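The report below walks through one structure piece by piece, beginning with a single residue and widening from there. Please keep the sequence and the 3D view at hand while reading.

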Amino acid sequence: HKMEDWAEETNDENQFKVEHDEDGNVIIPEELREFQNFNVEEEEFLNSKEVNDLFKQKKEKPKFDEHIDNAIIVDNLPIVGENKREKLIKVLTKLYNHHSIGGKFKGEIYFPMDEKNKTSKGYAFIEYDSREIADRAYRKTHKYKLDKKHICEVNIFSDFDIIKDLPDEYEPVELKKNITTENLRSWLEDPKARSQYLAHIGDDNLIEIYWNNKLLKPNPFYTKKNWADIFALWSPHGLYLATLHVQGVVLWGGPNFKQIRRFPCPRVDFASFSPNGKFLITFTKHYMRKDNPKDPQCVIIWDVKTGKRLRGFLGPKEQDQGEFHPSIFKWSYNDEYFGRIDNGRIKIYQSSDMCLAGNKSIKLQNARGLSWSPNRNIFICWVKENNDRARTIIYEMPNKNIIHNKTILNVLRIKIRWQEQGKYLCVRADRFKTQKAKKQQKYYHHFALMNMRGKQISTEILDLEESVEALAWEPTGSRFCIIHGEKQNRYNVSFYSVTKTKLKKLTTLVNKPLDRIYWSPTGINVLLANSKEGNLEFYNVDHLQTMAEVVHLNSNIEWDPAGRYVATSLNASMETGYIIWSFNGEMIHRVMRNDFCEFNWRPRPPSILSKDQLKEIYNNIDTYIAKFKKMDDRELAQFKKKEIKDKLYMRRQFLRQQLKWARLNKEQEDLFKANQIFLEDNEDDYVTITDTVEEIIEETVEIIDDN
């Protein structure tokens, strides 16, 4: 400042210069020296190395961090005056400093106010220490319900800037050329509308993929050894084939089954898909007891499209491991929600952010049997209460409202079974009439058959005194089948229909050696089976008629998605393999393979045809039958033609080989005759050697008394 003042007084810009001598020291002008009255110490200081380095340094302006990733904007807050401002800030402070977020916000909540009206503007700014904590706060509080009228809308501050900077006019994005992706639905384009299936052979972990062809022998179109270390499974709509390995899970797809995505999950034991195939759930038993609560590895949910890990969960508690299944979560029909019962609470999560719906669980001691509807976001569970009482409760999402609540007395256990279209629900309660009957273990079966189609739930009651082995709904109708009876290995099979006004019994098959029920996916036909003796009975429910009765020992039975064929397979005896049957019990293919492991039909996505299109197909079914019969006849003719051609080729090859052998034999005979070689057996040319071998077969020692 003193140098500037001196320059202004002299009005000579050239005099305001900083010059250096040969050694690089600052030369102080005489005028400035006199004006400032510099002493020797000050001069030495100005000539020091530190001051010279300071002159040479290039001063840089401080950089401003324009990215505020660790801040969030909370919108849709109540508009309040000065008198309620502090109260609202306390509520928000409690919410956004909650321990589940993993960190407290910095400073105070910035809560803008309207100076004219003296009211808040309905939004607030909150800053955290890191982007990770801000993301967690977003997931935990987005769509959080403050009250009936206000649901929090939360955004990351940097995301708000991106939205704000979007242009007003739409600018089309240039698509990149020569991008090839796998057609995950290629098998649906088959002109013959055939199904595919998988056969897993234990030897070398061989997996074979087949087209199901009624006329031709099974011949895999794709095979691969060591394709899976543990097992393989199809996704729910058949788009992917998932193979489990020691290192994790791999998805394959497309016409040539190319690798689509990998999910690193060491030591994985089990994997499953959500109902629509959007999410993959892996289970690792190794972490069931020793897991990190901050980073769980036992149960992990993955995004199938991106391969991103969405969230990890701890395994079940020790007291729950007895009835635990690796598919720990129950999913809603549209993958929007998933839930589990844990430590006396029903925890329902949203798949959008993997957080608790409404940030709250349902406290319900002794809750069991969580089960979602196949067509609505409602779920049912039952609660065991004191004095042998039980309650069945149906909740509706997203508000978790109770739409059904019924108490049942004298209950031992309850089982729940939905019809696949969600139209009906069966609640089976094993009950006893008196305490004496309870001690004697004399129970009867109480069935509450609920019609879920109307605004109000109507219920029909069915009580059976006999023991019940199995119950199954028709997938596409209002009928169900029950196997019941008191005789050992001999049961009665009854069919019922639920009408609008009453429960109607259709028929009963008496004294049948059957204990399992397998409905066709399209209804009408059902396969009744015996799990021990292998009896199979193909039954048509429309005509109440048995179509075929056969015997085949089996460990698994599975219908193809179209309901035209059914496969029975066996993997636990000397003779392992599978048999494919038509819906009416005709054997199509029988394949026996050593070390056979599993058989799985490839699922199909839901039909995209409208009701009018389906009606048109049913009305012209004869035309379609003739069309496909013509295709079958053409394929059969081609198969026979090819078979005849192959046989003729094999015959020609045999004749050529026969002529070759005859020619070779003739040449050898001529060679022997030319050299006068005769091959005759002469006893003098042989020496007979006899070896005698003694072997003790049995030795008995007997003590004889001298007397």
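Asn 554 is buried, with a relative accessible area of 7%, where buried means under 20% relative accessible area, exposed means over 50% and partly exposed lies in between, all with a 1.4 Å probe and protein chains only. This is a predicted model, in which local features need pLDDT of at least 70 and side-chain atom pairs count only at pLDDT 80 or more, while totals for chains, interfaces and linings use all residues. Residues are numbered from 1 along each chain as its sequence is written, and side-chain values use heavy atoms, with hydrogens and water left out.

The place of Asn 554 in the chain is the loop between strand E39 (545–551) and strand E40; here helices (H or I, at least four residues) and strands (E, at least two) are DSSP runs, numbered from the N terminus. The side chain of Asn 554 is joined to that of Arg 516 by a polar contact of 2.8 Å, and a polar atom of the Asn 554 side chain also lies 2.8 Å from the backbone oxygen of His 552. A polar contact is a pair of N or O atoms within 3.5 Å; within protein, one must be able to donate a hydrogen and the other to accept it, and residues adjacent in sequence count only if both atoms are side-chain atoms. Leaving aside residues up to four places away in sequence, Asn 554 touches Arg 516, Ser 531, Gly 534, Leu 536, Thr 568, Ser 569 and Leu 570, contact meaning heavy atoms within 4.5 Å.

Among those neighbours, Thr 568, Ser 569 and Leu 570 also appear in the description of strand E41. Six of the six residues of E41 (residues 565–570) are buried, so this strand is largely enclosed by the rest of the structure. Tyr 565, Ala 567 and Ser 569 point one way from E41, whereas Val 566, Thr 568 and Leu 570 point the other way, and all are buried.

Which strands pair with E41? Strand E40 (residues 556–559) runs antiparallel to E41 and is joined to it by four bridges, and strand E42 (residues 577–582), likewise antiparallel, is joined to E41 by six bridges; two strands pair if DSSP finds at least two bridges between them. Across the first of these pairings, Trp 559 stands opposite Val 566 in E41, and across the other, Ser 569 stands opposite Tyr 578 in E42. The hairpin of E40 and E41 has five residues between the strands, and Gly 563 there takes a positive phi near 75°, while the hairpin of E41 and E42 has six residues between them.

A helix offers another view of burial. In helix H6 (residues 131–141), Ile 133, Ala 134, Ala 137 and Thr 141 are buried. They cover an arc of only 100° around the axis, which puts them on the same side of H6, the arc being that of the directions from the helix axis to the C-beta atoms. An α-helix has 3.6 residues a turn, so residues three or four places apart point the same way. The buried residues of H6 pack against strand E3 (71–75), helix H5 (82–96) and strand E7 (153–156). After H6 comes Lys 143, whose phi is positive, near 70°.

A search of the whole structure finds 22 salt bridges, a salt bridge being a side-chain nitrogen of Lys or Arg within 4 Å of a carboxyl oxygen of Asp or Glu. Three of them are listed here.

| Salt bridge | Closest N to O | Accessibility |
|---|---|---|
| Arg 85 and Glu 86 | 3.4 Å | Glu 86: 47%, partly exposed |
| Glu 385 and Arg 391 | 2.6 Å | Glu 385: 24%, partly exposed; Arg 391: 18%, buried |
| Arg 479 and Glu 474 | 2.8 Å | Arg 479: 15%, buried; Glu 474: 3%, buried |

Elsewhere, salt bridges that share partners join Arg 413, Arg 428 and Asp 430 into one network.

How many disulfides does a search of the whole structure find? The search finds zero, a disulfide being a pair of cysteine sulfur atoms within 2.5 Å. Cys 265 is in no disulfide, and the nearest cysteine sulfur, that of Cys 298, is 9.5 Å away. Cys 265 is buried, with a relative accessible area of 3%, and Cys 381 is buried as well, at 0%.

Taken as a whole, the protein chain has 10 helices and 44 strands, and of its 707 residues 38% count as buried. Among contacts in the chain between residues at least 6 apart in sequence, 44% join residues at least 24 apart.
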